[in-house]
Amino acid sequence: MKILAIAGSNSDTSINKLLVSYAASLIPNAEVEVVDMNDFEMPIYKHQREVESGVPQQAVDLAAKIDAANILLVSLSEHNGTYSTAFKNVFDWTSRIKNRAVWNEKPMLLMATAPGGRGGLGVLEAAEKRFPLHGGNIIDTFTLPFFNDNFDKSAQKISNEEKDNELKEKIAKISALESILEK
């Protein structure tokens with residue numbers, strides 16, 4: 001099974017990248033690729049730019065990675081209650097590729113974490129409304145509040161047993177799709 005793990009942040013110390021990497025590690029016998037938003041840096045989307053130059057190759061490359069995956073794990077960074085600018089720009093450009101939806105109906109576990117008590121709930125709510133309009137097949141969601149208290153960076157895992165078990169249940173749910181996807 002191919003897993004594409006996307007952290008919607010371009011931070012070199014992204015807590016969402018830590019979370020999505022940990023989530024991906026919980027899927028046994030999977031081929032995992034963790035996407036770094038920095039590899040998909042493009043000019044800010046502008047219709048005129050698209051008309052003049054077309055969709056950047058980075059957006060096409062990300063779309064190919066999405067298409068090749070069986071399951072998507074997406075952990076979004078929250079900036080002012082919604083997506084980070086880096087993620088939104090990649091999302092916008094990818095949405096401009098003709099004859100395909102951004103997420104291409106791939107089963108997705110949508111996640112977020114943040115240092116505060118809401119754990120990125122605002123960005124999850126925004127994505128839950130928007131992603132299905134762009135081919136998002138959201139199987140489940142997960143939020144990890146108080147990241148610094150609930151994630152052990154040295155062990156690279158969730159330290160809060162209740163939240164860890166919750167994530168493991170959601171990973172088991174999406175992993176169960178493997179038998180369906182491989183037919």
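In this predicted model, the largest nonpolar core has 29 residues. Seven names stand out there: Leu-72, Val-74, Leu-76, Phe-87, Trp-103, Leu-110 and Phe-131 touch the most other members. Several elements each give two or more residues to this core. The strands among them are E1 (2-8), E3 (71-76) and E6 (107-113). The helices are H3 (57-68), H4 (85-94) and H5 (121-130).

Take Phe-131 as an example. Leaving aside residues up to four places away in sequence, Phe-131 touches Val-74, Leu-76, Tyr-83, Phe-87, Phe-91, Trp-103, Met-108, Leu-110, Gly-136 and Ile-138. Another core lies apart from the largest one. That other core has 25 residues, including Ile-15, Ala-23, Phe-147 and Ile-174.

Now for empty space. How many cavities of 30 Å³ or more does a search of the whole structure find? The search finds one. The largest cavity holds about 40 Å³ of space. Its lining is made by Ile-6, Met-37, Leu-62, Ile-66, Phe-87, Val-90, Phe-91, Val-102 and Trp-103. Helices H3 and H4 are the elements that give two or more residues to this lining. The largest share comes from H4, with three residues. Phe-87 and Trp-103 appear in this lining, and they are also among the core residues that touch the most other members.

Next comes a buried charge. Lys-106 sits in the loop between H4 and E6. Is this lysine buried or exposed? Lys-106 is buried, yet it has no salt bridge. The nearest side chain of opposite charge belongs to Asp-67, 5.8 Å away. A salt bridge needs the charged atoms within 4 Å, so this pair does not count as one. Lys-106 does have contacts: it touches Ile-66, Asp-67, Ala-69, Asn-70, Leu-72, Gly-135 and Asn-137, again not counting residues up to four places away in sequence.

Last, the backbone. Most residues other than glycine have a negative phi. Asn-80 has a positive phi although it is not a glycine. Phe-146 also has a positive value and is not a glycine. The table sets out both residues.

| Residue | Phi | Loop between | Relative accessible area |
|---|---|---|---|
| Asn-80 | about 55° | strand E4 (78-79) and strand E5 (82-83) | 84% |
| Phe-146 | near 45° | strand E7 (137-144) and helix H6 (147-150) | 40% |

With these areas, Asn-80 is exposed, whereas Phe-146 is partly exposed.

Terms used:
Residues are numbered from 1 along each chain as its sequence is written. This is a predicted model: local features need pLDDT of at least 70, side-chain atom pairs count only at pLDDT 80 or more; totals for chains, interfaces and linings use all residues. Side-chain values use heavy atoms; hydrogens and water are left out. A nonpolar core is a set of buried Ala, Val, Leu, Ile, Met, Phe, Trp, Tyr and Cys residues joined through side-chain atoms within 4.5 Å. Buried means under 20% relative accessible area, exposed over 50%, partly exposed in between (1.4 Å probe, protein chains only). Helices (H or I, at least four residues) and strands (E, at least two) are DSSP runs, numbered from the N terminus. Contact means heavy atoms within 4.5 Å. Lys and Arg count as positive and Asp and Glu as negative; His and the chain ends are not counted. On a 1 Å grid over the protein atoms alone, a cavity is a set of points where a 1.4 Å probe fits but cannot get out, and a pocket is an open set with protein on both sides within 12 Å along at least five of seven lines; lining residues have an atom within 4 Å of a point. Grid points are joined across faces, edges and corners, and a volume is the space filled by probe spheres set on the points.
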